[in-house]
Amino acid sequence: MPHYDFKNLSPLDYEDLSRDLLQQESGLTFESFKPGKDGGIDLRHLKTKNHSIIVQCKRYYDYRALISTLKKELKKVIKINPSRYIIRTSIELSPSNKDEICNLFNPYILNTNDIYGQNDFNNLLGKFPEIEKKHYKLWLSSTNILENIIYSRIHNQSIFENEIIQETVKTYAPNDSLENAVKIINKNKYVVISGIPGIGKSTLAKMLCYHYIKNHDFEDFVYITDSIGEAISTYKESKRQIFLFDDFLGSNFLE
C-alpha cells in the first residue's frame, strides 16, 4: 500500500484525486467545480433534484484544525440538506476522530465509512494504481512508480512471465526434482538448474517461483533474461523478492 501524506498536492489537485478515487470506487460520476467559494460543495452527484451526494475535501495538517473548520461547515450542510455527505481529508484519523465527525454531521454522514482519512486514501490508491499513475504530482516522490518507469521492461516481462507460471501450474506434475530444489534454496537461498535442452529446466524454475510466492509470502517476482545486473538494479532490501534468471541457451554462462 502506498504511504502518501498528500502535502505536495494543491487543494485543487487533492479534490481531483478525491473525485477520481471516489468515481472509481463507487461507479458514480461526480461534478467538480472551479476554485473559489464553494458553498460547502467540492464534489457533487445529483441522482434527482432532491437526492444529492455532497463531498467535501479537506487537505489539513492536524485534526484540531480540521474539526474546527468542519464545525463551521455544519450550517452550510444543513442548508444544502444532502441525502448523503462524504468527507475526505489528508490527515490520519483515529476511530474516535471518525466517530466525532460522524456525530457532528448526523444524519447527513450515514456512517464512518463516508469519512476518508489519509490511510483510507492510501488504501484506495493501492487498489486502483491506475489512479495513482494518472496523478503525476502525487508520485513524483514515489519510489515504486519511478522504478516501474525506469525498469519498465523488467517490470512488464515479470508480469507476463508470472501469468505464464499461473497457467503452467495447472498442468504441472510434481516430482522429486522440485522437492530437491526447494531443499537447496532453503539452505543456500539460491539454486542453479542446468542440463541439456528439453529436460524441463525452465518449467522447474517456474514451479519453484510459484512454490515460494504461494507458500512463503514473497512480495515481488522479478524475471530477468539479459544479465545479473538486472537483478541488482531491481533488488529491494526491504522486500521479500524472488528472482528467476532464465539464461536461455546458456548465453551468459558461455560468456
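This passage describes a sheet, a helix that lies across it, a pair of crossing helices and several single residues in a predicted model.

The strands of the model include an open sheet of five, arranged in the order β1-β2-β3-β4-β5 and joined by mixed pairing. Strands β1 (31-32) and β5 (115-116) stand at the edges of this sheet, and each has a single partner strand, so that one side of each is left without a neighbour in the sheet. At one end of the order, β1 and β2 pair in the antiparallel sense over two bridges, and within this pairing Glu31 has Arg44 of β2 as its bridge partner. Strands β2 and β3 are likewise paired in the antiparallel sense, here over five bridges, and they form a hairpin in which two residues lie between the strands. In this second pairing, the bridge partner of Thr48 is His51, which belongs to β3. At the other end of the order, strand β4 (residues 84-89) runs parallel to β5 and is joined to it by two bridges, with Ile87 having Ile115 of β5 as its bridge partner. As a general point for reading such a sheet, the side chains of a regular strand alternate between the two faces of the sheet.

Helix α1 (residues 11-26) lies across β1, β2 (43-48), β3 (51-58), β4 and β5, and the helix runs at about 125° to β4. The segment before α1 contains Phe6, whose phi is near 65°, a positive value in a residue other than glycine. The relative accessibility of Phe6 is 1%, and because buried means under 20%, Phe6 counts as buried.

The loop between α3 (95-104) and β5 holds Phe105, and this residue counts as buried because its relative accessibility is 0%. When residues up to four places away in sequence are not counted, Phe105 touches Leu70, Glu73, Leu74, Val77, Tyr85 and Ile87. Among these contacts, Ile87 is the residue whose bridge partner in β5 is Ile115, and the contact with Phe105 therefore links a loop residue to a residue of the sheet's bridge pattern. The C-alpha atoms of Phe105 and Ile78 are separated by 8.8 Å, although the two residues are 27 residues apart along the chain. Pro107 is also found in the loop between α3 and β5, and the peptide bond that leads from Asn106 to Pro107 is cis, with omega near 10°.

Helices α9 (residues 176-188) and α10 (residues 201-215) have axes that come within 10 Å and cross at roughly 60°. The two helices are therefore oblique to each other, and their crossing is right-handed. On the α9 side, the residues that meet α10 are Ser177, Leu178, Ala181, Val182, Ile185 and Asn186, whereas on the α10 side the residues are Leu204, Met207, Leu208, His211 and Tyr212. Sorted by class, this contact of α9 with α10 has eight nonpolar residues, three polar residues and no charged residues.

The loop between α9 and α10 includes Lys189, for which phi is near 75°, again a positive value in a residue other than glycine. Lys189 has a relative accessible area of 68%, and because exposed means over 50%, this residue is exposed. Phe6 and Lys189 thus both have a positive phi, yet Phe6 counts as buried, whereas Lys189 is exposed.

Notes: Residues numbered from 1 in each chain as written. Predicted model: local features only at pLDDT ≥ 70, side-chain atom pairs only at ≥ 80, totals over all residues. Heavy atoms only, no water. Axes fitted to C-alpha atoms, helices over the stretch in contact; angles between N-to-C directions. Helix = DSSP H or I, 4+ residues; strand = E, 2+ residues; numbered from the N terminus. Parallel < 35°, antiparallel > 145°, perpendicular 65-115°, else oblique. Left-handed = near helix turned anticlockwise from the far one by under 90°. Contact = heavy atoms within 4.5 Å. Nonpolar A, V, L, I, M, F, W, Y, C, P; charged D, E, K, R; others polar. Pairing = 2+ DSSP bridges. Buried < 20%, exposed > 50% of the residue type's maximum accessible area, 1.4 Å probe, protein only.
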